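Reader: I should like to learn how to read the main features of a structural model. May we work through one together?

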Amino acid sequence: MNIHLISVGNRMPGWVVEGYQEYARRIPAECALHLIEIPPGHRGKNADIPRAVRDEGERMLKSIPKGCQVLALDVTGSAWSTQRLSIKLGEWMADGRDLALLVGGPEGLAGDCLQRADGRWSLSPLTLPHPLVRVVVAEQLYRAWSLMRNHPYHRA
């Protein structure tokens with residue numbers, strides 16, 4: 001199974017790139033994590049923010065590989081413990097389809113992305129900066145895999 005992390009934003013700070021890559025490389029090929037960066041829409045003086053979010057959403061939807069189950073990362077989604085995420089990861093792997101995880105930009109996901117999603121996952125009731133979400137998702141997926149495979153990384 002491939003997990004496609006489709007995220008708005010490019011040119012991330014070094015700590016984001018390094019943090020994401022550290023955990024993504026640890027995840028084995030049986031559930032490999034791949035980052036797809038969506039260039040952000042124009043934000044600045046007199047920017048049309050709703051249009052930028054819509055455009056980002058259109059680009060995200062076009063980048064979802066065929067046949068993927070789609071999960072939107074959204075504050076209104078279900079919050080899972082690490083143990084529950086590990087169970088979900090096992091279910092996704094058993095399903096046989098690839099998984100696409102959608103991460104919006106500063107204003108969140110476009111409505112079309114939320115409608116397209118087969119489900120929603122909330123990392124926290126806190127508002128997290130979207131660059132940090134990449135690192136948290138990669139680490140939590142690695143942790144969920146390690147728990148599922150009785151790897152010593154997860155010690156809670």
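**Cysteines, fold and surface**

Reader: Cys-68 catches my attention; is this residue buried or exposed?

Author: This is a predicted model. In it, Cys-68 is buried, with a relative accessible area of 4%. Cys-31 is buried as well, at 1%.

Reader: How many disulfides does the structure hold?

Author: A disulfide is a covalent bond that joins the sulfur atoms of two cysteines. Here, a search of the whole structure finds 0 disulfides.

Reader: Why does Cys-31 form no such bond?

Author: One compares sulfur positions, the cut-off being 2.5 Å. For Cys-31, the closest cysteine sulfur belongs to Cys-68 and lies 14 Å away, which is too far for a bond. For Cys-68, the closest is that of Cys-113, at 14 Å, and this is again too far.

Reader: Which pattern do the helices and strands follow along the sequence?

Author: One reads the elements in sequence order. The protein chain has 5 helices and 5 strands, and their pattern is β-α-β-α-β-α-β-α-β-α.

Reader: What does the radius of gyration indicate about the protein chain?

Author: The value is set against that of a compact globule. With 156 residues, such a globule would have a radius near 15 Å, and the protein chain has 15 Å, so the two agree. Buried residues make up 48% of the 156 residues. Among contacts with a separation of 6 or more, 81% come from residues 24 or more positions apart.

Reader: What supplies the exposed surface?

Author: The protein chain exposes about 8100 Å², and carbon and sulfur atoms supply 51% of that area.

Conventions:
Residues numbered from 1 in each chain as written. Predicted model: local features only at pLDDT ≥ 70, side-chain atom pairs only at ≥ 80, totals over all residues. Heavy atoms only, no water. Buried < 20%, exposed > 50% of the residue type's maximum accessible area, 1.4 Å probe, protein only. Helix = DSSP H or I, 4+ residues; strand = E, 2+ residues; numbered from the N terminus. Rg over C-alpha atoms; globule rule 2.2 N^0.38 Å. Contact = heavy atoms within 4.5 Å. Areas by Shrake-Rupley, 256 points an atom, 1.4 Å probe, with all protein chains shown as cover.
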